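Colleague: I've got a model open on my screen and I'd like to learn how to read it. Could you walk me through it?

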Amino acid sequence: MDRIVVRGGRRLEGEVRASGSKNATLALMAAALLTDRESVLRGVPRVRDVGTMMKILGALGVACEWDADDEHVLRIRAGRVSNPEAPYDLVRQMRASFLVLGPLVARLGTGRVSEPGGCAIGVRPVDQHLKGLEALGAKIRLDHGYVEASAATLTGARVAFDVSTVNGTQNVMMAAVLARGRTIIENAAREPEVAELAQVLCAMGAHVHGAGSDRIEIEGVESLGGVDHTVWGDRIEIGTLLAAGLVTRGDVTVRGADPGLLDATLEKLREAGGDVDVQGDAIRLRADAPPRGIKLVTAPYPGFPTDMQAQLMTALTLADGSSVVTETVFENRFMHVPELVRMGADIEVAGRAAHVRGVGGLSGAPVMATDLRASAGLILAGLAAEGETVVNRVYHIDRGYERIEDKLRRLGAEIRREEG
Ligand code: EPU
């Protein structure tokens, strides 16, 4: 298994370009199932989760290939979907595989996807996805660990989610675009990945209004056409690279951003001591003193993203003062804490809150990545720490960051991947 080795203490300086959003891409790939025409996605990040979604589409009998001339262009053509089943072996590797259920029922009248189960960051049920599909008239059956949804025709309906769910909103949206009549989704997730999916569905011929707000209206259509879309910059990768600037008291510029989608992240980076400037699609963060202690509460968009919590917490371990970090989205997303403590951080967890007392410095250590964003936090800790940090189980980070070590090296970090 690969490891990332970081020698800390370098001040990061310079400019890098963001990759396309991993989470947006996964939903857009599922949306390609809704049409027999070609969908072209540009700026797709070369990360493991995208590879897993390609395998899922392949298992469904769908052609999905990288463009021969551009390694970030993905071509998907679901001319025929020969198999309605997404197998356990793939779904267990990535919960977002569940996103194919809505499109499968809409396109084929039936879909069978392995029940994804819990994961390291929490129980993560799919009850809201199923509630939405049921409201549109799908019959749901749970059978030998699989969820089967079927409907001769889907009919538009009112769906009121009990919790704000990103993939749940996307799944139901994708089913509703081919349903008969009007669907109204209340308490819809407002994340940019929902708005981007709606933009793409509209470009394919769907009628979707209000995405990005908590009420989405969809008027079903008979069929959808192909699309050619460039994926928006990954707001979490951008936030992570800026946080790397903060922990190393550096001067980091990330291009390829839509800064308006990072408001909550930029506000907290500023509050924590970063001097943040926005110019066009570039965001620059400068810091020349230790971070400042702050209060941080994760929340659905437009709140502070749970996917940035570990990275900001890492910065706060080095703050002048104390911080309280409260995780409200997932129940078990503090797995980076024991590893940060092994590096010298002073953190106590009480329920959903982590109390962080800033320390003067961290010391390099071998650490274990447990999930994608926790791993990013540990790499940032390594950049700031004295001595060498070895982050094991790097496959977690490869799920969602495209060659993060190359981007950080370009900014001046002493970082390398050891294969093995
Ligand atoms: N929830 C339910 N029932 C459901 C669905 C969700 O109770 O049917 C709960 C979850 O257990 C959680 C909360 O609702 O407590 C929010 O979960 P949500 O459904 O919004 O998460 P998701 O759609 O499964 C996406 C991202 C995550 C990101 C969350 C929150 C993708 C592929 N994943 O997950 O990204 O943390 O939204 O913003 O879009 C990551 O990239 O590292 C990652 C985990």
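Modeller: Let's go from the overall fold to the ligand site, then to a couple of local spots. Keep in mind that this is a predicted model.

Colleague: Fine. How many helices and strands does the protein have?

Modeller: There are 14 helices and 24 strands.

Colleague: And how do I judge the overall shape? What radius of gyration would a compact globule with 420 residues have?

Modeller: The idea is to compare the value with what a globule of that length would give. For 420 residues that is near 22 Å, and the protein comes out at 21 Å, so the two agree. The C-alpha trace spans about 65 × 45 × 45 Å along the principal axes.

Colleague: Now the ligand. How many residues surround the ligand, and which are the closest?

Modeller: To read a binding site, start with the shell of residues around the ligand. Here 21 residues make up that shell, with D127, Q128, T165, D307 and V329 the closest. By type, the shell splits into 8 nonpolar, 7 polar and 6 charged residues.

Colleague: Which polar atoms lie by the ligand's oxygen atoms?

Modeller: Look for N or O pairs within 3.5 Å. The side chain of T165 has an N or O atom 2.7 Å from a ligand oxygen. V166 uses a polar backbone atom, 2.8 Å from an oxygen of the ligand, while K22 brings a polar side-chain atom to 2.9 Å from a ligand oxygen. On its own, the ligand has 830 Å² of accessible area, and the protein covers 87% of that.

Colleague: Which elements give two or more residues to that shell?

Modeller: Those are α1 (22-31), α5 (127-135), α6 (166-176) and α12 (372-384). Of the elements, α5 gives the most, with 3 residues.

Colleague: Why does the ligand lie between the two domains?

Modeller: Check which domains supply the shell. Domain 1 (3-18 + 233-418) and domain 2 (22-230) both give residues to it, so the ligand lies between them.

Colleague: What about burial? Is helix α10 enclosed or open?

Modeller: A residue counts as buried under 20% relative accessible area. By that cut-off, 56% of the 420 residues are buried. In α10 (residues 309-316), 8 of the 8 residues are buried, so the helix is largely enclosed by the rest of the structure. Among them are Q309, L312 and M313.

Colleague: And G51, buried or exposed?

Modeller: In between: G51 is partly exposed, with a relative accessible area of 25%. G51 sits in helix α2 (residues 48-59). From G51 to R180 is 129 residues in sequence and 33 Å in space, C-alpha to C-alpha.

Notes:
Residues numbered from 1 in each chain as written. Predicted model: local features only at pLDDT ≥ 70, side-chain atom pairs only at ≥ 80, totals over all residues. Heavy atoms only, no water. Near = heavy atom within 4 Å. Polar contact = N/O pair within 3.5 Å; in protein donor to acceptor, adjacent residues only side chain to side chain. Areas by Shrake-Rupley, 256 points an atom, 1.4 Å probe, with all protein chains shown as cover. Helix = DSSP H or I, 4+ residues; strand = E, 2+ residues; numbered from the N terminus. Nonpolar A, V, L, I, M, F, W, Y, C, P; charged D, E, K, R; others polar. Domains from an automatic or database assignment. Rg over C-alpha atoms; globule rule 2.2 N^0.38 Å. Buried < 20%, exposed > 50% of the residue type's maximum accessible area, 1.4 Å probe, protein only.
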